[in-house]
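Take a walk through the empty spaces of this protein, then visit one of its strands.

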Amino acid sequence: MKTITKYIGMVASVLVLQSCSDFLDLEPESGISPGNFFKSEQDANMALTGVYDILSYEQTYGAYFWYQFGLGTDVSVVNRSSVSSGVHVNNYDAGQAELGQSWEAIYDGINRANLFLENVPDIDMDEEEKNRMLGEVHFIRGLLYFNLVRLWGDVPLKTASTKSIANNQEERVAARQIYDQVLSDLEKAEQMVYPASKFAAAENGRVCQGAVQGMLARVNLTMAGYPIQDQGRYAQALAWAEKVRNSGEHDLNPDYTQVFKNLTQDVFEMNESMFEVVFYGNRNADGEAWRFGGINGLDSRNDAAGFSYAFFNATKKLYELYEDTDSRRDWNIATYKILSNGNREYYADTDLFNRKPGKFRRETEAVDPKNKNFTPTNFPVMRYADVLLMLSEAENEINGPTQKAVDALNEVRQRATGASLYDLTDFTGKDDFRNVIMDERARELCHEGERKMDLIRWGGYVSTLKNLATSIKAEYPGNLQYMAIVGDNVENKHQLLAIPSVELELNPALGQNPDW
């Protein structure tokens with residue numbers, strides 16, 4: 001993501017903060033301060049770079065959001081018997097290091113966004129460009145708060161940059177207030193950012209209008225479910241999803257696999273991949289690469305093909321959700337592993353227990369040589385296929401399985417299954433259609449970091465994982481039954497993360513989440 005990251009080091013002293021303890025002390029180390037930095041359009045671009053940068057941290061989309069905090073669902077589980085603790089197996093406490101590290105990074109990003117929004121409006125520059133930049137930052141701040149509230153519930157709300165360490169004893173506010181702030185930021189962004197068609201191919205990783213509208217659909221759909229349960233939000237989710245569909249700016253890539261190959265090669269197609277966090281390079285010489293595809297890819301022991309530790313297993317349940325004619329199955333669940341000599345070894349047809357996610361394959365990376373530990377694969381935050389499924393789900397919750405709901409669902413299925421489409425007569429009512437949507441989201445979006453949040457908002461996270469544990473212990477070979485650990489450990493409290501103990505020590509006013 002060279003167009004986004006090239007200036008990071010130059011602006012770090014202005015935008016970087018530390019944690020909820022010293023994240024409040026912004027006195028620059030290099031003599032640069034917000035007061036004398038934000039003077040030109042170049043300064044604004046450099047500062048925007050620093051805001052985007054947070055999204056590519058290991059503690060956010062580089063790993064934590066989809067690994068530590070997103071793994072452990074009915075579609076993918078940890079496959080290492082030595083892993084007996086951590087968020088991804090529901091066995092941790094408030095002292096788990098990743099909690100504090102992610103909290104710190106997110107608030108770092110929020111403060112960078114606040115600084116930008118406070119200072120850039122006064123810069124003398126092209127107003128259209130300034131407006132677009134401000135919209136992108138509103139989106140990023142909204143996205144960061146959305147992740148915060150989904151992970152932790154009630155959290156401190158900061159919409160102004162921190163000027164002093166004297167005000168670090170801030171209490172948490174109700175989750176509903178955080179969601180209201182998310183909606184406010186995203187609705188402002190929707191009016192300010194450019195549509196996808198206005199971006200040149202070189203302007204990779206930018207926020208486009210369709211991505212904002214899609215995120216507004218996701219936020220409203222989340223608010224309609226557990227724990228907010230504001231069912232009036234289904235209408236808003238539907239309206240925003242329809243706005244994306246009716247814009248004509250977005251469409252599905254006719255080849256499902258190409259969507260994910262593009263992510264490994266910095267091929268940007270905002271038609272379907274509406275917003276992605278961009279990584280690049282191999283870290284051998286330069287680049288901002290993390291671990292996407294390197295720890296959640298198919299099992300590969302060959303450096304030339306791209307080494308993958310393959311810390312995830314796709315579940316037997318996920319495999320069985322697919323029809324034999326569904327082209328997504330053998331892409332999302334790898335049919336082979338790569339040996340150290342580069343040869344492929346295929347799994348037996350009956351072996352549905354050892355298979356790894358294949359959605360993000362290092363074989364297709366364009367960077368050469370490949371780094372063993374770090375990949376240039378981008379993270380897909382919002383895809384058009386997700387928008388169509390959200391439209392279908394929201395329409396069903398409001399009106400039941402109408403033709404509109406079925407058509408949106410079928411548009412996603414058409415690409416994967418061809419003639420295997422649904423008809424209105426296939427559904428007995430709203431509950432039946434809802435179950436189909438739940439399964440279709442697993443088939444289409446597995447391994448993209450949203451499954452756990454889906455299960456929580458549907459109110460079925462705990463029961464689904466307990467059922468998974470039961471099936472693993474009944475069906476899996478004895479040496480693999482340890483994969484039931486995430487379901488054996490799950491409790492109601494695991495629907496929210498514990499407030500990090502390091503933050504509680506520094507700010508007792510935060511208080512802890514229930515049962516932690």
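**Cavities, a pocket and a strand**

The residues that line the largest cavity divide into eight nonpolar, three polar and five charged. This is a predicted model. The largest cavity has a volume of about 150 Å³. Its lining counts 16 residues, and F65, N147, R150, G449 and E450 lie nearest its centre. Helices α7 and α17 and strand β8 each supply at least two residues of that lining.

The structure holds nine cavities of 30 Å³ or more. The second largest has a volume of about 110 Å³. It is lined by 14 residues, with W66, G70, S76, H447 and G449 nearest its centre. Here the lining has four nonpolar, six polar and four charged residues.

Now turn to the largest pocket. Its volume is about 350 Å³. Of the 25 residues that line it, Y226, P227, I456, Q495 and L496 are the closest to its centre. Which elements supply at least two residues each of this lining? They are α7 (127-152), α8 (175-192), α9 (209-224) and α17 (451-457). The largest share, four residues, comes from α17. By class, the pocket lining has twelve nonpolar, five polar and eight charged residues.

Last comes strand β2, residues 273-277. Five of its five residues are buried, so β2 is largely enclosed by the rest of the structure. β2 pairs with strand β8 (residues 379-383) in the antiparallel sense, over four bridges. In this pairing, E276 stands opposite P380 of β8. β8 also appeared above, as a supplier of at least two residues to the lining of the largest cavity.

Methods. Residues are numbered from 1 along each chain as its sequence is written. This is a predicted model: local features need pLDDT of at least 70, side-chain atom pairs count only at pLDDT 80 or more; totals for chains, interfaces and linings use all residues. Side-chain values use heavy atoms; hydrogens and water are left out. On a 1 Å grid over the protein atoms alone, a cavity is a set of points where a 1.4 Å probe fits but cannot get out, and a pocket is an open set with protein on both sides within 12 Å along at least five of seven lines; lining residues have an atom within 4 Å of a point. Grid points are joined across faces, edges and corners, and a volume is the space filled by probe spheres set on the points. Ala, Val, Leu, Ile, Met, Phe, Trp, Tyr, Cys and Pro count as nonpolar, Asp, Glu, Lys and Arg as charged, and the others, Gly among them, as polar. Buried means under 20% relative accessible area, exposed over 50%, partly exposed in between (1.4 Å probe, protein chains only). Two strands pair if DSSP finds at least two bridges between them.
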